[in-house]
Amino acid sequence: MAEGSGPITAMELRYSPSCRAAWGRFVISAPSGSKIQVRNDQGKQYTTYGSGHFFSVMVNDKDVKAWACGTWSGNLDCTHSY
């Protein structure tokens, strides 16, 4: 797991070794219209919109690096990659 690095730590990057996928999660209760972008260094990128403690879709993390960024109410928080 990697946590956000912004002044408000709002994001987590989660990883599943069984399916070798990564996804982002808001650890704060994000307001309606918030979004998570999860991507990897192969150029795959997905955006998920929601509110509350929601998750992004999964992105391949097999032998590549992935990271997630959350945007809410004009704020941005991104995780470190792994």
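In this predicted model, ring pairs join Phe26, Phe54 and Trp72 into a cluster. Three aromatic pairs are counted in the structure. One of them is formed by Tyr15 and Tyr82, whose rings are edge-to-face, 5.9 Å centre to centre and with 85 degrees between the planes. Because Tyr15 belongs to strand E2 (residues 11–16) and Tyr82 to the segment after E8, this pair ties together parts that are 67 residues apart in sequence. Tyr15 is partly exposed, at 31% relative accessibility. Tyr82 is likewise partly exposed, with a relative accessible area of 27%.

Within the cluster, the ring centres of Phe26 and Trp72 are 5.7 Å apart and the planes stand at 90 degrees, so this pair is edge-to-face. The pair links distant parts of the chain, with Phe26 in strand E3 (residues 21–26) and Trp72 in strand E7, 46 residues apart. Both Phe26 and Trp72 are buried.

Strand E7 also takes part in strand pairing. Strand E7 (residues 66–72) runs antiparallel to E4, and six bridges join the two. Strand E4 (residues 30–40) pairs in the antiparallel sense with strand E5 (residues 45–52) as well, over seven bridges. Val38 has a partner in each of these pairings: Tyr46 stands opposite Val38 in E5, and Ala68 stands opposite Val38 in E7. The hairpin of E4 and E5 has four residues between the strands, and in this hairpin Gly43 takes a positive phi near 95 degrees.

Pro31 is a further residue of strand E4. Pro31 has a relative accessible area of 33% and is therefore partly exposed, since this value lies between the limits of 20% for buried and 50% for exposed residues. Apart from residues up to four places away in sequence, Pro31 touches Gly50, Ser51, Trp72 and Ser73. Trp72, one of these contacts, is also a member of the aromatic cluster. Between Pro31 and Thr71 the C-alpha to C-alpha distance is 10.0 Å, and the two residues are 40 residues apart in sequence.

The structure holds one disulfide. This bond joins Cys69 to Cys78, with an S to S distance of 2.1 Å. The torsion about the S-S bond is about 110 degrees, so the disulfide of Cys69 and Cys78 is right-handed. Cys69 is buried, with a relative accessible area of 7%, whereas Cys78 is partly exposed, with a relative accessible area of 24%. Cys19 also counts as partly exposed, at 43% relative accessibility.

Thr79 is placed in the segment after strand E8 (75–78). At 7% relative accessibility, Thr79 counts as buried because the limit for a buried residue is 20%. When neighbours within four places in sequence are left aside, Thr79 is in contact with Ala2, Glu3, Gly4, Met11, Glu12, Leu13, Trp67 and Ala68. Among these contacts of Thr79 is Ala68, the residue of E7 that stands opposite Val38.

Key: Residues numbered from 1 in each chain as written. Predicted model: local features only at pLDDT ≥ 70, side-chain atom pairs only at ≥ 80, totals over all residues. Heavy atoms only, no water. Buried < 20%, exposed > 50% of the residue type's maximum accessible area, 1.4 Å probe, protein only. Contact = heavy atoms within 4.5 Å. Pairing = 2+ DSSP bridges. Disulfide = S-S within 2.5 Å. Phe/Tyr/Trp six-rings, centres within 6.5 Å; stacked < 30°, edge-to-face > 60°.
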